[in-house]
Amino acid sequence: MRQRSVADLMTPEVVAVQRGTSFKEIARLLDEFGITAVPVVDEEGRPVGVVSEADLLHRHTSGEQGPSTAEGLMSSPAVVARPRWSAVEAARVMERRRIKRLPVVDGTGRLIGVLSRRDLLQLFLRRDRAIQEEILEDVVTRTMGLPPSAVTIDVNDGTVTLSGVLEHRSLVPILVRLCETVDGVVAVDDRLAYETDDTGALASGDVPG
């Protein structure tokens, strides 16, 4: 089971500017490419900051003095992502820092792509059939080693409903958690039953033989 990474989701064609790029040129680029922010890179192609629509509007309305170039407008340092990050890691950084786009850098710190909230939303546009197949093949069969007939999987608009009878009660929360990590899953409705309640013995400290 493999979750898609930042490298899988990012846009590799990046619109970036230099420190000396003017206010008007930045505004033109945002409008032309339909984006809300651009990374500012140094001579080596490493992000040093980001200029957003909010930065431009703040400068325009605040009356602040100073050069109207990317260096004077940008928010710095740049918050960046790594290509091997999971989509969840990237989403958490965006939420925590309240930003909409993350420059993606390689091992040397050079800009190689941009990840936006729109890119992350692609995860939730996966077809229900694809989600169902991944849960059956990767989660139920390969990871948990259960027969395909053990679990019935229904997926509707990203909501997964699990039904069937498992051998042990302890397997139920494991299966649910694994399903929740599958790309495109919005929620999991657990309707699973079990044959044996093995959780009491485990909770009391007994070690199963």
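**Exercise 1. Find which residues G184 touches, leaving out those up to four places away in sequence.**

Solution. Take contact to mean heavy atoms within 4.5 Å. With residues up to four places away in sequence not counted, G184 touches L123, F124, R126, I131 and G158. Before going on, a word on the ground rules: this is a predicted model, where local features need pLDDT of at least 70, side-chain atom pairs count only at pLDDT 80 or more, and totals for chains, interfaces and linings use all residues. Residues are numbered from 1 along each chain as its sequence is written, and side-chain values use heavy atoms, with hydrogens and water left out.

Next, place the glycine. G184 sits in the loop between α8 and β8; helices (H or I, at least four residues) and strands (E, at least two) are DSSP runs, numbered from the N terminus. Then check its accessibility: G184 comes out at 3%, so it counts as buried (under 20% relative accessible area; exposed is over 50%, partly exposed in between, with a 1.4 Å probe and protein chains only). For a sense of distance, G184 and S68 are 42 Å apart in space, C-alpha to C-alpha, and 116 residues apart in sequence.

**Exercise 2. Work out which parts of the chain the R4 and D183 salt bridge links.**

Solution. Start with the test: a salt bridge needs a side-chain nitrogen of Lys or Arg within 4 Å of a carboxyl oxygen of Asp or Glu. In the R4–D183 pair, the closest N and O atoms are 3.7 Å apart. The two ends belong to distant parts of the chain: R4 lies in the segment before α1 (6-9), while D183 lies in the loop between α8 (171-180) and β8 (187-196), 179 residues away. Now look at accessibility. R4 is partly exposed at 27%, whereas D183, at 7%, is buried.

**Exercise 3. Track down the salt bridge partners of R28 in helix α2.**

Solution. Take E25 to begin with: its closest O to an N of R28 is 2.7 Å away. Both residues lie in helix α2, three residues apart, about one turn of the helix. Then go to E32, which meets R28 at 2.4 Å, N to O; here the spacing within α2 is four residues, again about one turn. As for accessibility, R28 (40%) is partly exposed, and so are E25 (29%) and E32 (48%). Across the whole structure, a search finds 11 salt bridges. Elsewhere, R19, E43 and E71 are linked in a network of them.

**Exercise 4. Sketch the sheet with strands β1, β2 and β3, and say which strands stand at the edges.**

Solution. Draw an open sheet in the order β1-β2-β3, with mixed pairing (two strands pair if DSSP finds at least two bridges between them). β1 (17-18) and β3 (47-52) go at the edges; each has a single partner strand, so one side of each lacks a neighbour in the sheet. β1 and β2 (residues 37-41) pair in the parallel sense over two bridges, and V17 has V40 as its bridge partner in β2.

**Exercise 5. Describe what kinds of residue make up the contact of α7 with α8.**

Solution. List the residues: I135, V139, V140 and T143 in α7 meet L175, L178 and C179 in α8. Sort them, and you get six nonpolar, one polar and no charged (Ala, Val, Leu, Ile, Met, Phe, Trp, Tyr, Cys and Pro count as nonpolar, Asp, Glu, Lys and Arg as charged, and the others, Gly among them, as polar).
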